[in-house]
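Subject: Structure for you to look at

Dear colleague,

I am passing on the structure below, and after it you will find my notes on what was found. Please read them with the coordinates open beside you.

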Amino acid sequence: MERCVRPLTCPICHDGLTRKGNRLACPQGHSFDLAREGYVNLLPTNRRLPPTVGDSAEMLQARRRFLDGGHYAPLAARLPQVMQEWATTLNRAAPLTLLDCGCGEGYYGEWVRGALAGSGVCSFGMDVAKTAVKMAARRYPHTQFVAADVNGRLPFADQSIDLLLDIFAPRHAAEFGRVVSGALLAVIPRQAHLHSLRQALGLLNIEVDKAEKVVEGLRSYFQLAHTETLTFPLALTPSQLVDLIGMTPNGRHLSRTQIEAMAGSAPETEASFQILVLRHMKRDA
Ligand SMILES: C[S@@+](CC[C@H](N)C(=O)[O-])C[C@H]1O[C@@H](n2cnc3c(N)ncnc32)[C@H](O)[C@@H]1O
Ligand SMILES: [Zn+2]
């Protein structure tokens, strides 16, 4: 089946891309192969990103195993409900265009896409890690996945995105402001998130007032329209805990042996998230 392409733009000249067989091409003659799995690489070729940008294959595999275990399903199930409430207030013609930015292996975007599918949705996922978009494209055939860097110019046309998801992923206020025409849904871990685990295992802390700082960082373009918290208990086996730690930035600082050693003393803990809906200000009317 053909995935949506329409709002994608050329990373070199910023003209629109259209499908030409197994490639996407712009009118200026720049073209980009669609990989066998269906994703497209729009990362700049003239600028090498440091190897630490984006999640590693090990982190992505740990995240997929953990999410497949259903441990964060309460969050995944809540997102489409919040998104649907907002989709109905946006007054846009179907199909809605959805972008999951920093999509990882694609889990949350697929929950939201599935819920919007009945009324028509053009769905995209973007991540700087090629392994992420490859894993996502293999599993989710209805979404067009793109390798691109959120810190650069996003390969999407101005105001082309009705709903943008940013789940535990980096943000770029000016570019989100340029490409979004509707709302941005962001999820941020709260200080209570895995708190007892962080303390017991000496893991990285969560920034104080993180959600407020995110809202502040976006306020030139977006206005906070809705916020809610979601907290639920987590009781994990040692191997699930190894995956949970391995899928976060803690995974970079600890070896598997260290994580396995810690897992033996794992206390019960809770997941705690802040869900934010931010509405684009300049196009509210
Ligand atoms: C904590 S993970 C969250 C992944 C996914 N949203 C989820 O919750 O399962 C952060 C994601 O952001 C991606 N990322 C990090 N830096 C990025 C960048 N500069 N541009 C695009 N994606 C980036 C990572 O590769 C990773 O997949
Ligand atoms: Zn071009």
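I begin with helix H3, which is mostly covered, since seven of its 10 residues are buried. Please keep in mind throughout that this is a predicted model. The buried residues of H3 are Tyr107, Tyr108, Gly109, Glu110, Val112, Arg113 and Leu116, and what covers them includes helix H1 (57–68) and helix H2 (73–89) together with strands E5, E6, E7 and E8. Helix H3 itself spans residues 107–116.

The strands just named belong to an open sheet of eight strands, whose order is E4-E7-E6-E5-E8-E9-E11-E10 and whose pairing is mixed. At its edges stand strand E4 (40–41) and strand E10 (222–234), each of which pairs on one side only. Helix H3 packs on this sheet, where it touches E5, E6, strand E7 (143–147) and strand E8 (161–167), and its direction makes about 170 degrees with that of E5. Helix H4 (residues 130–139) also packs on the sheet, touching E4, E6 and E7, with a direction that makes about 165 degrees with that of E7.

Within the sheet, two of the pairings may be worth inspecting. Strand E5 (residues 96–101) runs parallel to strand E6 (residues 121–127), and six bridges link them; there, leucine 96 has valine 121 of E6 as its bridge partner. Strands E8 and E9 likewise pair in the parallel sense over six bridges, and in this case leucine 164 is matched with leucine 184 in E9.

Which residues touch the most other members of the largest nonpolar core? Among the 78 residues of that core, they are Val146, Leu163, Leu164, Leu184 and Leu185. Strand E9 (residues 180–189) gives the most to this core, with seven residues, and E9 is itself mostly covered, eight of its 10 residues being buried. Leucine 164, when residues up to four places away in sequence are not counted, touches Leu99, Cys101, Phe176, Val180 and Leu184, so that its bridge partner in E9 is also one of its contacts.

There is also an open sheet of three strands, with the order E1-E2-E3 and antiparallel pairing. Strand E1 (18–20) and strand E3 (31–33) stand at its edges with a single partner strand each, so one side of each is left without a neighbour in the sheet. On average, and with direction ignored, neighbouring strands here are turned by 30 degrees against each other. Strand E1 is joined to strand E2 (residues 23–25) by three bridges, and arginine 19 stands opposite leucine 24 in E2.

As for ligand 1, 20 residues surround it, and the closest of them are Gly54, Gly102, Gly104, Val128 and Val150. Sorted by class, this shell holds 12 nonpolar, four polar and four charged residues.

Finally, a word on asparagine 91, which lies in the loop between H2 and E5. Is asparagine 91 buried or exposed? It is exposed, because its C-beta atom has 7 others within 10 Å, and the cut-off for an exposed residue is 12 or fewer. The C-alpha atoms of asparagine 91 and glycine 182 are separated by 9.3 Å, although these two residues are 91 residues apart along the chain.

With best regards

How values were computed. Residues are numbered from 1 along each chain as its sequence is written. Chains are lettered from A and ligands numbered from 1 in the order in which they are written. This is a predicted model: local features need pLDDT of at least 70, side-chain atom pairs count only at pLDDT 80 or more; totals for chains, interfaces and linings use all residues. A residue is near a molecule or strand if its C-beta atom, placed from the backbone, lies within 6 Å of it. Ala, Val, Leu, Ile, Met, Phe, Trp, Tyr, Cys and Pro count as nonpolar, Asp, Glu, Lys and Arg as charged, and the others, Gly among them, as polar. A nonpolar core is a set of buried Ala, Val, Leu, Ile, Met, Phe, Trp, Tyr and Cys residues joined through C-beta atoms within 7 Å. A residue is buried if 20 or more other C-beta atoms lie within 10 Å of its own, exposed if 12 or fewer, and partly exposed in between; C-beta atoms are placed from the backbone. Helices (H or I, at least four residues) and strands (E, at least two) are DSSP runs, numbered from the N terminus. Two residues are in contact if their C-beta atoms, placed from the backbone, lie within 7 Å. Two strands pair if DSSP finds at least two bridges between them. Axes are lines fitted to C-alpha atoms, for helices over the stretch in contact, and angles run from 0 to 180 degrees between N-to-C directions.
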